[in-house]
Amino acid sequence: MSHELKVKIIPIYRSFFLQTTIPDRIVNNLNIYLDDLANKKDKQSYASQLVGQIRREKNSGQWLMDHKDKGCKDFANICCSIADQYRQQFLKIVNRPDAHGGNTIIPQINEMWSVHSYEGDYNILHSHGCKTYMGISIVTWTKVPEAISKLPVSGPLNNATGNRDGFIDFVMEASDTRDYERLIPSGHASFKPEVGKVIAFPSWAPHLVWPFFGKGERRTISMNINMLHPTQLPPGKQERYKNDKKTS
């Protein structure tokens, strides 16, 4: 079953985000895969490669996922398509259609992992890495606790409202409340976790995840996508790529 993605562009200082939503069918498949993974004795913790402080509950964890598994492959394919859309939007924004040598760039998943967060778990300010100089990272949520879902997408922070609890924040540049009046794009962006919401961003973008307080699991899936030139493929795959292009 095909699903047409409606993409929203969200600008920020020096960069932008692509935001879209995946269908419930794919969310359900991902949750089935992760529920099954949780019961496997040989599942691989990815905590040694991540800075997330995910340790407050016995079910807190960060697990490496197999993006080729039947429960993940539809989502993985969508994410590769989103990564390619991100690059195309970038070329339009900078008015450089000849950038990247005019070559087609091939998205390739570097790694994909899940983060199972409970009350008090959080992620410090960090950025991601890829095997290629150009890299796209993607985050989505397949479970969101009521402590987060009941909050407004954007609400006041004074009077200790807790309106950012559990959100993911990007910090590109120092900002203050007068920036909009001075026509300066904000250097901060905040996203409320929502089931099925997908955010794509350049892998270098610094971000953090705030803790939340209440019952339930915030289940996050993240991935890094290498953006390869065809010449970076192994020789055999280069030939297959050229042949596929001829017949497409």
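A pocket, as the word is used here, is an open set of grid points with protein on both sides within 12 Å along at least five of seven lines, and its lining residues have an atom within 4 Å of a point. The exercises below concern a predicted model.

**Exercise 1. Describe the largest pocket and state which strand gives the most to its lining.**

Solution. Begin with the volume: about 580 Å³ of space lies in the largest pocket. Next, turn to the residues, where 28 line this pocket, and the closest to its centre are Ser154, Arg164, His188, Ala189 and Ser190. Then look at the elements that give two or more residues to the lining, which are strand 1 (8-12), strand 8 (168-171) and strand 9 (188-191). Strand 9 gives the most, with four residues. Finally, sort the lining by class, which yields twelve nonpolar, nine polar and seven charged residues.

**Exercise 2. Describe the second largest pocket and find which helix gives the most to its lining.**

Solution. The volume of the second largest pocket is about 370 Å³. Of the 18 residues that line this pocket, Tyr133, Met134, Gly135, Pro202 and Trp204 are the closest to its centre. At least two lining residues come from helix 2, and at least two from strand 7 (135-143). Helix 2 gives the most, with three residues. Sorted by class, the lining of the second largest pocket has nine nonpolar, seven polar and two charged residues.

**Exercise 3. Place Gln88 in the structure, and decide whether this residue is buried, partly exposed or exposed.**

Solution. First locate the residue: Gln88 belongs to helix 2, which covers residues 73-93. The relative accessible area of Gln88 is 34%. Buried means under 20% and exposed means over 50%, so Gln88, with its 34%, is partly exposed. As a last step, set Gln88 beside Ser48: the two are 40 residues apart in sequence, and their C-alpha atoms are 34 Å apart in space.

**Exercise 4. Work out the order of the strands in the open sheet of five strands, and name the edge strands.**

Solution. The five strands of this open sheet follow the order 3-6-11-8-9, with antiparallel pairing. Strand 3 (52-53) and strand 9 are the edge strands, since each pairs on one side only. Now consider one pair within the sheet, namely strand 8 and strand 11 (residues 207-209), which pair in the antiparallel sense over three bridges. To see this pairing residue by residue, find Ile168, which stands opposite Val209 in strand 11.

Key:
Residues numbered from 1 in each chain as written. Predicted model: local features only at pLDDT ≥ 70, side-chain atom pairs only at ≥ 80, totals over all residues. Heavy atoms only, no water. Buried < 20%, exposed > 50% of the residue type's maximum accessible area, 1.4 Å probe, protein only. 1 Å grid on protein atoms, 1.4 Å probe; cavity = no way out; pocket = protein on both sides within 12 Å on 5 of 7 lines; lining within 4 Å. Points joined across faces, edges and corners; volume = space filled by probe spheres on them. Nonpolar A, V, L, I, M, F, W, Y, C, P; charged D, E, K, R; others polar. Pairing = 2+ DSSP bridges.
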